[in-house]
Amino acid sequence: DKAGHKHFMSKEIAEQPTVLQGALSHYISPNADAVTLPESGIDFAKIERMTMVACGTAYYACMVAKYWFEQVARMPVEIDVASEFRYREPPVTAGTAALFVSQSGETADTLAALRYMKGKADTILSIVNVETSTIARESDLALPILAGAEIGVASTKAFTCQLTTLAILAIEAARARDHLTDAEVSENLSRLRALPGVINLALGIEDKCKTIARQLAEARDILFLGRGAMYPLAHEGALKLKEISYIHAEAYASGELKHGPIALVDENVPIIVMAPRDSLFEKTVSNMQEVMARGGKVLLITDKQGAAEAGDGVWDTIIMPEIDAFLAPILYAVPAQLLAYHTAIAKGTDVDQPRNLAKSVTVE
Ligand code: M6R
């Protein structure tokens, strides 16, 4: 049931405030002073490092989580795509927790990576949408993201729910490792609780995305740029666009531009820059100016202050609501989704069932 939407993907994008609300009340105590995990819990004070493994969009969620765990919990995190991890036979040292992220819980490579880590890692955690899945069953602790069934092949609400669950875990890890005081924990959790409202506000950019998408649909190649925890979002934006619009899109860390990809830039390659006004903003603006000086067409996704500071010369701007830097990656999933969705519509592709792709990749 598409609930009045033309596609499951648009229904699932629109559902995000509601499902996030559910996930937040599942994992955060009513007065926002503690993270509520199952009885068996996770003792992050005993974990020295984490290895996170997943595929596709779930891997990009891990990539964001690495920034979070390192920043707020000061915990070393290694991330890898499951298809590489499983055959590398990486050595695992004591004190390592393994975390697998999978919407379906049935992805063959992720499951194989999990089985490799059994008996090697101190504990096997998973973050899944399907609670009865194989990955959930084979984990010491499986945490549901509570996104509800996701039908569209392009993952949307599962991604934001994965991120939200990971953000909560990072805060809990920071508390357990004494990097956040009780007051800071509840400040962070309260901010998270406000997220559904901010996402709802962000859905208001849809018309703007639709207009821009008509022009993106003409492009053959598109670049996505981001810095810090926005770099994984650039990857997610590029993946979403490739999957459903079949336009070649690539993501780069903004600082890598001048190490090669800037050679691609001309007036035919739109460059989508995801950059809230944070501590790295100035650096991103200078990368943007390098691109514009070479005739590049920049679409800047930022907030009001960012737009004011970026100055002239950009092709277009999408103004996002203001948000705390820590939570920005969750919010900026919305423009990534809406731009891909409307570009696919403009191209007339099959949004929910793109060619060559399956919802769940149960073979390697
Ligand atoms: O079910 P999983 O989360 O394990 O699936 C992983 C990827 O196959 C999946 O995220 C894929 O990249 C999506 N189609 C992305 O939109």
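Trainee: In which pocket does the ligand sit?
Mentor: The model is a predicted one. A molecule is placed in a pocket when more than half of its atoms lie within 2 Å of the grid points of that pocket. By this test, the ligand sits in the largest pocket.

Trainee: Which helices give two or more residues to the shell around the ligand?
Mentor: The shell around the ligand holds 14 residues. The elements that give two or more residues to this shell are helix H3 (56–72) and helix H11 (230–245).

Trainee: Which residues come nearest to the ligand?
Mentor: A residue is near the ligand if one of its heavy atoms lies within 4 Å. Of the 14 residues around the ligand, those that come nearest are Ser102, Gln103, Ser104, Thr107 and Glu243.

Trainee: How far is the polar side-chain atom of Thr107 from an oxygen atom of the ligand?
Mentor: Backbone atoms serve at two other positions: a backbone N or O atom of Gln103 lies 2.6 Å from a ligand oxygen, and a polar backbone atom of Ser155 is 2.9 Å from an oxygen atom of the ligand. For Thr107 the atom belongs to the side chain, and its distance from a ligand oxygen is 2.4 Å.

Trainee: What share of the ligand's area does the protein bury?
Mentor: Taken alone, the ligand exposes 410 Å². Of that area, the protein buries 91%.

Trainee: Why does the salt bridge between Lys157 and Glu15 tie together distant parts of the sequence?
Mentor: The closest N and O atoms of Lys157 and Glu15 are 2.7 Å apart. Lys157 lies in helix H7 (residues 157–176) and Glu15 in the loop between helix H1 (8–14) and helix H2 (16–27), so the parts that the pair ties together are separated in sequence by 142 residues.

Trainee: Are Arg86 and Asp109 buried or exposed?
Mentor: Arg86 and Asp109 form a salt bridge, with their closest N and O atoms 2.6 Å apart. The pair links helix H4 (residues 82–88) with helix H5 (residues 108–117), 23 residues apart. Buried means under 20% relative accessible area, and both Arg86 and Asp109 are buried.

Trainee: Which residues are joined with Lys11 into one network?
Mentor: The network arises from salt bridges that share partners. Joined with Lys11 are Glu15 and Lys157.

Trainee: Is Lys46 buried or exposed?
Mentor: Lys46 meets Asp43 in a salt bridge of 3.3 Å, N to O. Asp43, at 38% relative accessibility, counts as partly exposed. The cut-off for exposed is over 50%; Lys46 has 62% relative accessibility, so Lys46 counts as exposed.

Technical notes: Residues are numbered from 1 along each chain as its sequence is written. This is a predicted model: local features need pLDDT of at least 70, side-chain atom pairs count only at pLDDT 80 or more; totals for chains, interfaces and linings use all residues. Side-chain values use heavy atoms; hydrogens and water are left out. A salt bridge is a side-chain nitrogen of Lys or Arg within 4 Å of a carboxyl oxygen of Asp or Glu. Helices (H or I, at least four residues) and strands (E, at least two) are DSSP runs, numbered from the N terminus. Buried means under 20% relative accessible area, exposed over 50%, partly exposed in between (1.4 Å probe, protein chains only). A polar contact is a pair of N or O atoms within 3.5 Å; within protein, one must be able to donate a hydrogen and the other to accept it, and residues adjacent in sequence count only if both atoms are side-chain atoms. Accessible areas come from the Shrake-Rupley method with a 1.4 Å probe; for residues, only the protein chains shown count as cover. On a 1 Å grid over the protein atoms alone, a cavity is a set of points where a 1.4 Å probe fits but cannot get out, and a pocket is an open set with protein on both sides within 12 Å along at least five of seven lines; lining residues have an atom within 4 Å of a point.
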